[in-house]
Amino acid sequence: MPVTQPTPNDIALMAGRAGYVLKANDRGRFTVASPTLYPHMWSWDAGFVALGIATVSVPRALDELRTLLTGQWSTGMIPHILFHSPSDYFPDPDRWRTQVAAARPAGVLTSGVTQPPIHVIALSRILHDARRRGGADQELCERFVLDTFPRWLAWHRYLATARDPHEHGLVEIHHGWESGMDDSPRWDGPYSRVRPGEMPPFTRRDLAHVSDPSQRPSDAEYRRYLWLVEQKVRARYDDAAYRATGDFVVGDVLVSALLAAASDLLADMGAEFGADPAGIEESRLIARRFRTGVLRSVDPSTGLARDLDLRTGEHLSVDSAAGFAPLLCGGDDALLRRQRDLLLGPRWCGHSRLRWPVVPSVSPASPAFRDRTYWRGPQWPVLNWLMAWALNRSGEQEAANALRLAGLAQLVDCDFAEYYEPLTGEQLGSRDQSWTAAIALDFLAARRPGRRKHVRLLTAELPAVTPAGPR
């Protein structure tokens with residue numbers, strides 16, 4: 001279906017409504033992910049929220065990231081949820097029991113797993129807005145970059161060491177939640193080997209906030225999710241101990257690509273503002289290793305990157321949008337051109353049945369596609385933003401702008417849903433989702449990131465991957 005560019009009235013209404021949503025979800029120094037379903041601060045949501053807020057207020061955007069850093073563990077890990085007030089959300093702090101972890105932060109209740117490292121990418125966008133405004137905003141942001149450089153480096157170092165101890169170049173995740181794509185068919189194989197044992201009883205509360213339970217993961221899936229939390233608790237949130245005993249150990253290509261891209265940007269900003277040279281070099285080495293790991297994961301027959309089950313040593317070949325991870329981190333110009341054509345082609349954004357030509361979480365041509373189920377097919381505006389951002393950095397401005405305009409057309413209803421039914425355009429999940437409103441503001445600003453520096457393919461530098469083996 002052709003995409004009609006939003007009218008000036010559409011744009012004014014969307015900007016005002018998006019600002020209203022973010023203001024309504026603001027809790028002072030952080031923003032809840034949504035008003036009811038997600039009443040706390042989520043890690044990668046906060047990154048997207050911050051870059052959207054920056055189009056309106058640079059100081060408030062920096063506060064979002066500053067608050068997130070209060071939850072950072074001594075290992076460098078940034079947990080996926082910060083709990084700031086009591087709520088009916090489940091799993092709650094009592095389920096996570098992170099008090100068993102020596103590395104947890106004092107005085108802040110958090111979950112015990114992490115999420116994709118989008119934050120430095122967001123910071124680079126905030127810096128762009130700060131410089132556009134100049135004056136106090138620019139000075140404040142540049143000081144923030146330099147002051148927090150060690151914290152972001154510690155975060156990336158954690159992923160590069162505790163989550164890639166054998167330097168394979170893929171970040172190891174211990175739960176599907178850590179991917180940000182909770183129930184994606186990417187994880188069907190690894191989850192099929194999760195055998196829940198005895199654990200405390202539970203009552204799901206997420207289903208009370210959606211009209212159709214099929215939009216959410218099933219009860220069987222949720223039991224596996226909670227069993228992995230139980231395994232993390234029993235390992236006292238020690239990554240090496242979990243690796244030896246836990247059921248789910250997977251190398252995630254999308255998280256790895258985001259780590260590579262963010263580490264490149266962190267090194268560039270650090271060099272510009274006079275950060276520690278050793279930290280800058282470390283950041284560049286992290287970027288190189290994980291970029292290489294992502295490129296090595298690509299299936300030559302499909303052109304898509306594949307996750308790696310580190311228990312079995314098997315690549316996980318699924319038509320998921322995570323397969324476009326190389327677009328995010330770069331490193332092979334021919335592959336990036338192939339991925340661009342795949343992304344815009346008839347199996348993905350150009351599929352004839354799509355209501356809007358934006359990125360679906362799973363290809364509609366795949367047998368794994370489910371049009372209404374969470375990360376199994378619906379379109380997530382944040383995913384579309386990531387691909388547009390990646391295309392822009394690769395110099396593909398026309399393709400990036402096509403995704404941006406289609407994304408704006410999808411959001412012109414101003415409901416800012418969590419995700420969208422890809423064939424009908426119906427809003428699904430939570431309404432007034434903070435990161436969706438933030439994406440709208442960023443798309444309206446029509447900013448272009450700096451071009452990615454040319455890098456070369458370095459797959460020969462990485463050791464062979466061997467399975468973690470049976471527990």
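Which backbone oxygen does the side chain of Gln72 reach? In the structure examined here, which is a predicted model, the side chain of Gln72 reaches the backbone oxygen of Gly76, at a distance of 2.9 Å. Gln72 is placed in the loop that runs between helix α3 (58–69) and strand β2 (81–83), and, because its relative accessibility is 9%, under the 20% limit, this residue counts as buried. A polar contact of 2.7 Å is also made between the side chain of Gln72 and the side chain of Arg151. When residues up to four places away in sequence are not counted, Gln72 touches Met77, Ile78, Pro79, Pro105, Arg151, Ala154 and Trp155, so that Arg151 appears both as a polar partner of Gln72 and in its list of touching residues.

A second glutamine, Gln379, is found in the loop between α13 and α14, and its relative accessible area of 0% means that Gln379 is buried. The side chain of Gln379 reaches the backbone oxygen of Trp356 at 3.1 Å, and a polar contact of 3.0 Å joins the side chain of Gln379 to that of Gln410. The residues touched by Gln379, with those up to four places away in sequence left out, are Leu354, Trp356, Val358, Val359, Pro360, Gln410, Tyr419, Tyr420, Glu421 and Pro422. Tyr374 lies in the loop between α13 (333–344) and α14 (381–393) as well, and at 5% relative accessibility Tyr374 counts as buried.

The backbone of Tyr374 has a phi near 45°, a positive value in a residue other than glycine. A positive phi, near 50°, is likewise found for Arg97, also a residue other than glycine, and Arg97 is located in the loop between α4 and β3 (109–110). Most residues other than glycine have a negative phi, and most peptide bonds are trans. A cis peptide bond, with omega of about 5°, joins Phe90 and Pro91, and Pro91 has its place in the loop between β2 and α4 (93–96).

Within helix α5, which covers residues 119–133, lies Ala130, and this alanine is buried, its relative accessible area being 0%. The C-alpha atoms of Ala130 and Thr55 are separated by 9.0 Å, although the two residues are 75 residues apart along the chain. Apart from residues up to four places away in sequence, which are not counted, Ala130 touches Val58, Asp137, Gln138 and Cys141.

As regards helix packing, the axes of helix α15 (residues 397–410) and helix α16 (residues 434–445) come within 10 Å and cross at roughly 130°. Because this angle falls outside the ranges set for roughly parallel, roughly antiparallel and roughly perpendicular pairs, α15 is oblique to α16. The crossing of these two helices, α15 and α16, is left-handed. On the side of α15 the contact is made by Arg404, Gly407 and Leu408, and on the side of α16 by Ala440, Phe443 and Leu444. Sorted by class, the contact of α15 with α16 comprises four nonpolar residues, one polar residue and one charged residue.

Key. Residues numbered from 1 in each chain as written. Predicted model: local features only at pLDDT ≥ 70, side-chain atom pairs only at ≥ 80, totals over all residues. Heavy atoms only, no water. Axes fitted to C-alpha atoms, helices over the stretch in contact; angles between N-to-C directions. Helix = DSSP H or I, 4+ residues; strand = E, 2+ residues; numbered from the N terminus. Parallel < 35°, antiparallel > 145°, perpendicular 65-115°, else oblique. Left-handed = near helix turned anticlockwise from the far one by under 90°. Contact = heavy atoms within 4.5 Å. Nonpolar A, V, L, I, M, F, W, Y, C, P; charged D, E, K, R; others polar. Buried < 20%, exposed > 50% of the residue type's maximum accessible area, 1.4 Å probe, protein only. Polar contact = N/O pair within 3.5 Å; in protein donor to acceptor, adjacent residues only side chain to side chain.
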